[in-house]
Amino acid sequence: EFRRVLFRSQDGGATWGAPFVLDEPGYGDTISVAPKLVPFADGSLLALWQARRNAVGEKFILSRKSSDFGGTFGETQKLNAVAQSFPGGVASHPDGAVLVAYSDERNIERDIFANHSGDGGATWTTPDVIVAPSDKAESVGPAPAIGKGGEAWVAWEEKKRGDARIDV
């Protein structure tokens, strides 16, 4: 069983404090993978990861925001509307915009979905938005980018059913 923990250093990495268990409360019974940390210029920090309940096949994309660069964290937020999502990518902009993109198997083949925050991860759009339907393809490995004023891009690998090659 894997739990995502954070270790904080207050001296640039020379020494490290006690661990903080990121997936408590609410998701302590999950296997958590693919953690990502997004720092912001205002001193806040966003943690993102995927949590799975293998016994029932649920897969969540989760986040927690810290306003004091990891001193304390707010509540865990679920970014995906259906618990069928795989770890994805995250992009941020200095203005506080965040874009998270992930593959999801709710429609049998994996499609790419995204969720957006305009305030550094304090709140998220709901529900998650499909970027492009799969059209009988497996879409994986999303890599998002977000620019000033809300412009955004998502790139991913796509394999058509029955096709041995992968299109990027």
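This note goes through the sheet around strand S4 and then two buried residues.

1. Basis of the values. The structure is a predicted model, in which local features need pLDDT of at least 70 and side-chain atom pairs count only at pLDDT 80 or more, while totals for chains, interfaces and linings use all residues. Residues are numbered from 1 along each chain as its sequence is written, and side-chain values use heavy atoms, with hydrogens and water left out.

2. The sheet. Four strands form an open sheet in the order S3-S4-S5-S6, with antiparallel pairing; the edge strands are S3 and S6 (77–78), each of which pairs on one side only. Strands here are DSSP runs of E with at least two residues, numbered from the N terminus, and two strands pair if DSSP finds at least two bridges between them. In general, strands of a sheet pair through backbone hydrogen bonds, either parallel or antiparallel.

3. The S3–S4 hairpin. Strand S3 (residues 31–39) pairs with S4 in the antiparallel sense over seven bridges, and valine 38 has leucine 46 in S4 as its bridge partner. Five residues lie between the two strands of this hairpin, and glycine 43 in the turn has a positive phi of about 90°.

4. The S4–S5 hairpin. S4 also pairs in the antiparallel sense with strand S5 (residues 58–66), over nine bridges; the partners in S5 include lysine 59 for arginine 52 and isoleucine 61 for glutamine 50. Four residues separate the strands of this hairpin, and glycine 57 in the turn has a positive phi of about 75°.

5. Burial of S4 and leucine 45. Strand S4 (residues 45–53) is mostly covered, with seven of its nine residues buried, where buried means under 20% relative accessible area (1.4 Å probe, protein chains only). Leucine 45, found in S4, counts as buried because its relative accessibility is 8%. Leaving aside neighbours within four places in sequence, leucine 45 is in contact (heavy atoms within 4.5 Å) with residues including Leu37, Val38, Arg64, Phe69 and Phe73. Leucine 45 and histidine 93, 48 residues apart in sequence, are 13 Å apart in space, C-alpha to C-alpha.

6. Threonine 76. This residue lies in the loop between S5 and S6, and threonine 76 counts as buried because its relative accessibility is 18%. Leaving aside neighbours within four places in sequence, threonine 76 is in contact with Leu22, Pro25, Tyr27, Trp49, Leu62, Ser63 and Arg64.

Technical notes. Buried means under 20% relative accessible area, exposed over 50%, partly exposed in between (1.4 Å probe, protein chains only).
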